[in-house]
There are 2 protein chains.
Amino acid sequence: MTRIKDIARIANVSTATVSNVLNGTGSVSDKTRASILKVIEEMNYQPNHIAKSLKIKKTKTIGVIVEDVTSFNSAEIIDGINEYAENEGFSLLLTNMRVFKRLGQEYKDDEVVRQLASQAFREILNKQVDGLIYVGAHPRDVTRMIESHKRIPIVYTYCHTSRDEDYAVNYDEHLGAYEATNYLIEAGHRQIAVISGLFNSNSSRERFNGYYQAIMDNRLVFNPALIKTGDWEFESGCRLTAELLAADSRPTAILAMNDNMAAGAIGACKERGLRVPEDLSIVGFDDREFSSYTAPQLTTMRLPLHEMGTEAMKSVMDILAGNESTVKSKKLKCTLIERHSAAQAPK
Amino acid sequence: MTRIKDIARIANVSTATVSNVLNGTGSVSDKTRASILKVIEEMNYQPNHIAKSLKIKKTKTIGVIVEDVTSFNSAEIIDGINEYAENEGFSLLLTNMRVFKRLGQEYKDDEVVRQLASQAFREILNKQVDGLIYVGAHPRDVTRMIESHKRIPIVYTYCHTSRDEDYAVNYDEHLGAYEATNYLIEAGHRQIAVISGLFNSNSSRERFNGYYQAIMDNRLVFNPALIKTGDWEFESGCRLTAELLAADSRPTAILAMNDNMAAGAIGACKERGLRVPEDLSIVGFDDREFSSYTAPQLTTMRLPLHEMGTEAMKSVMDILAGNESTVKSKKLKCTLIERHSAAQAPK
DNA sequence: TTGTAAGCGTTATCAA
DNA sequence: TTGATAACGCTTACAA
């Protein structure tokens, strides 16, 4: 490969001058600049970023540690990170912890993940990244999961920490659930059941609170019998819907806290010959790809994944730029996607 | 950050010796090794990979250029690449061309993609990657899409080139279609229709050939009226199925060349009150995530995406190791996933 | 077995 | 406006 030294020799100038025209630094006459540029062009010179990085102690690359690329949320978040990074001239060094395949259902085991993460973190730091984004695959508390004496910006997304000083980008679960519930209320529903995720997660609690607040704000009665706790999986949506339908106070609508369980709910209705949405309205959460393929297509809250990526990257850039006012915790809005699983309440 | 120099000073040895214990090179007495290791531990020393890379002219990182991370095939391929890379101690520098969002439906425009790719390629080369994997998002001919005088291993996956000297990892489309067809034949079907993708793609032709050969091998009659050309999208599956069902020689089974069109076929049946699979069997191709959520769940050929990733990375490693016998074109097998959209042919 | 020192391709200081 | 040169943190002859 041709080096600055080669350009300098051929153009009859010093390496310093070549470096200056390359970076627009110093001052160099139009004439020499032109002749240097010409040589650069001819030799098809490409600067060596490694050497540059060593010297300036900046790599213009951001490390991205993702718990699992194959998780439904990861690709779109990475896409968002990428969009912003590209505009800023930054590259991405990707580390995939592969927690699903590696740990199977244990991927929820914080301790193992912690080990994986700190390992990944150390290695990526050695590559001298200028900043780091951690992308979760599960609503997990990642407090102190990675630690370093070298202070580079670290931003968490799709996961949260319990320390106020950490930067995190997430979506507003409370508001999302609130709006989903409101949507059903406005459609005339009064008996709105909830199929929640496991209550050990912040997610579940926040979403439940959103639901609760919508019920209260509309002066409806809160009926605990309508609240069921699932485990985020299809089967639990199915089973709990069956329970709800068998009970005395049967709901006219169900808010499922993710699309998997919503799909399960649809399945349960089908088994019982109930029509969705005529007999029962169902609203999901996440807007997974498959939600357009259920029958009927699912009405659901879309997560602002792409935007979470761009905002995470933006935070990193802001911190890097020394912007003290960078907000620590960003919460982005979900969007209701109206498809065909929810309708007006039956008279 | 602490440097080798610091370790050397504190341990009262030369930097050369420290470097030797770090890399297991040279020969150093157990005693000095121990004392050096101790200092390294105490100081929590982490080597600077950038400096090392500059010196040894190897970065132990592989560039991954992906046409679009959000494409359904990308995440799993990346996961495979990652698995292999991790075992070899390599990192991944990810470039996402974002062709879908950037170009919209024009993402099929080879010329624009070519520009994007060569740009991405140049930048990633400047970062001194040791090798490159190009991940397509669309069955595209990428011949000479990226060129370089610096010869590093380049492996293409989920796309193909027309040059025999290029390395490419793909799945065996011919065999996949052959086996899918055979599956239907074994279930007693004799009138098997095909909903193909656009015939401007190699994919479509190979898959069609696989179908054709299965028909021939089983001495069935080939009926051109049963071959319909769609455009890979849901709607075309729907429309063409309607045509097939309206025709005189009605098929008992449909092989759709992707899951989108297969889902469309199911939709068309539903509209007409036909039962799947009792009245019509449908087999898809790709095994998209949504295929478990259609009603009935789709029987389909699963693409060996993860394995394509690992094999692509393996090729890179092999070439890097100077293994002359590395096979240029790998074709991996698809797997039939039996779900509920195909059954025995009606008597 | 250990140390000295040159060099990887840049940038940046300082002098000319 | 330009050039000589040290330095970034590491590896690696080669010498001791």
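## Close-ups of a predicted protein–DNA model

Of the atoms of DNA strand C within 4 Å of the protein, 68% belong to sugar or phosphate, and the bases make up the rest. Keep in mind as you look around that this is a predicted model.

**View 1. The protein surface around DNA strand C.** Start with the neighbours: DNA strand C is surrounded by 25 residues. The closest are Ser19(A) and Tyr45(A) from chain A, plus Ser14(B), Ser27(B) and Lys55(B) from chain B. Sort the surface near this strand by class and you get 10 nonpolar, 10 polar and five charged residues. Which helices should you look for here, each supplying at least two residues? They are α2 (15-23) and α4 (49-56) of chain A, together with α2 (15-23) and α4 (49-56) of chain B. Of the contributors, α4(A) gives the most, with four residues.

**View 2. Zooming in on three chain A residues at DNA strand C.** Begin at Ser19(A), where an N or O atom of the side chain sits 2.6 Å from a phosphate oxygen of DNA strand C. Next, find Asn48(A): here a backbone N or O atom lies 3.2 Å from a phosphate oxygen of the strand. Now hop over to Ala51(A). What kind of DNA strand C atom lies 3.4 Å from a backbone N or O atom of Ala51(A)? That one is a base nitrogen.

**View 3. The protein surface around DNA strand D.** Time to switch strands. DNA strand D has 25 residues around it, and the closest are Ser14(A), Ser27(A), Lys57(A), Ile4(B) and Tyr45(B). If you take the atoms of DNA strand D within 4 Å of the protein, 69% belong to sugar or phosphate and the rest to bases. The surface near DNA strand D breaks down into 10 nonpolar, 10 polar and five charged residues. Which helix gives the largest share of the surface near DNA strand D? It's α4(B), with four residues.

**View 4. Zooming in on contacts at DNA strand D.** On the chain A side, look for Ser29(A), which has a backbone N or O atom 2.9 Å from a phosphate oxygen of DNA strand D. On the chain B side, a polar backbone atom of Ile4(B) is 2.6 Å from a phosphate oxygen of the strand. Lys55(B) takes you to a base instead: a polar side-chain atom of Lys55(B) lies 3.4 Å from a base oxygen of DNA strand D. Stepping back to whole elements, α2 and α4 of chain A, together with α2 and α4 of chain B, give two or more residues to the surface near DNA strand D.

**View 5. Where chain B meets chain A.** Leave the DNA for a moment and look at the two protein chains. How many residues of chain B are in contact with chain A? There are 48 of them, touching 48 residues of chain A. Together the chains bury about 4300 Å², with 55% of it on carbon and sulfur atoms. Three residues to pick out are Ile50(B), Lys127(B) and Tyr293(B), which supply 17% of the area that chain B buries against chain A, more than any other three residues.

**View 6. Charged and polar pairs between chain B and chain A.** This interface has 12 salt bridges. One to find is Lys101(B) with Glu76(A), whose closest N and O atoms are 2.5 Å apart. The count of residue pairs in polar contact between the two chains is 28. On the chain B side, the elements that each supply at least two residues are α4, α5 (74-87), β2 (91-96), α6 (99-103), α7 (110-126) and α11 (259-271). Among these, α5(B) gives the most, with seven residues. By class, the side of chain B that touches chain A divides into 16 nonpolar, 17 polar and 15 charged residues.

**View 7. Two domains meeting inside chain A.** Chain A is divided into domain 1 (4-47), domain 2 (59-171 + 305-332) and domain 3 (173-303). Focus on domains 2 and 3 of chain A, whose C-alpha centres lie 30 Å apart. Their contact takes seven residues from domain 2 of chain A and 10 from domain 3 of chain A. The area buried between these two domains is about 860 Å², and carbon and sulfur atoms give 58% of it. Look for Phe72(A), Pro139(A) and Tyr171(A): they supply 61% of the area that domain 2 of chain A buries against domain 3 of chain A, more than any other three residues. How many salt bridges are there between domain 2 and domain 3 of chain A? The count is zero. There are, however, four residue pairs in polar contact across this interface. The side of domain 2 of chain A that touches domain 3 of chain A has five nonpolar, one polar and one charged residues.

Conventions:
Residues numbered from 1 in each chain as written. Chains lettered and ligands numbered in written order. Predicted model: local features only at pLDDT ≥ 70, side-chain atom pairs only at ≥ 80, totals over all residues. Heavy atoms only, no water. Domains from an automatic or database assignment. Contact = heavy atoms within 4.5 Å. Buried area = accessible area lost by both parts, 1.4 Å probe. Salt bridge = Lys/Arg side-chain N within 4 Å of Asp/Glu carboxyl O. Polar contact = N/O pair within 3.5 Å; in protein donor to acceptor, adjacent residues only side chain to side chain. Nonpolar A, V, L, I, M, F, W, Y, C, P; charged D, E, K, R; others polar. Near = heavy atom within 4 Å.
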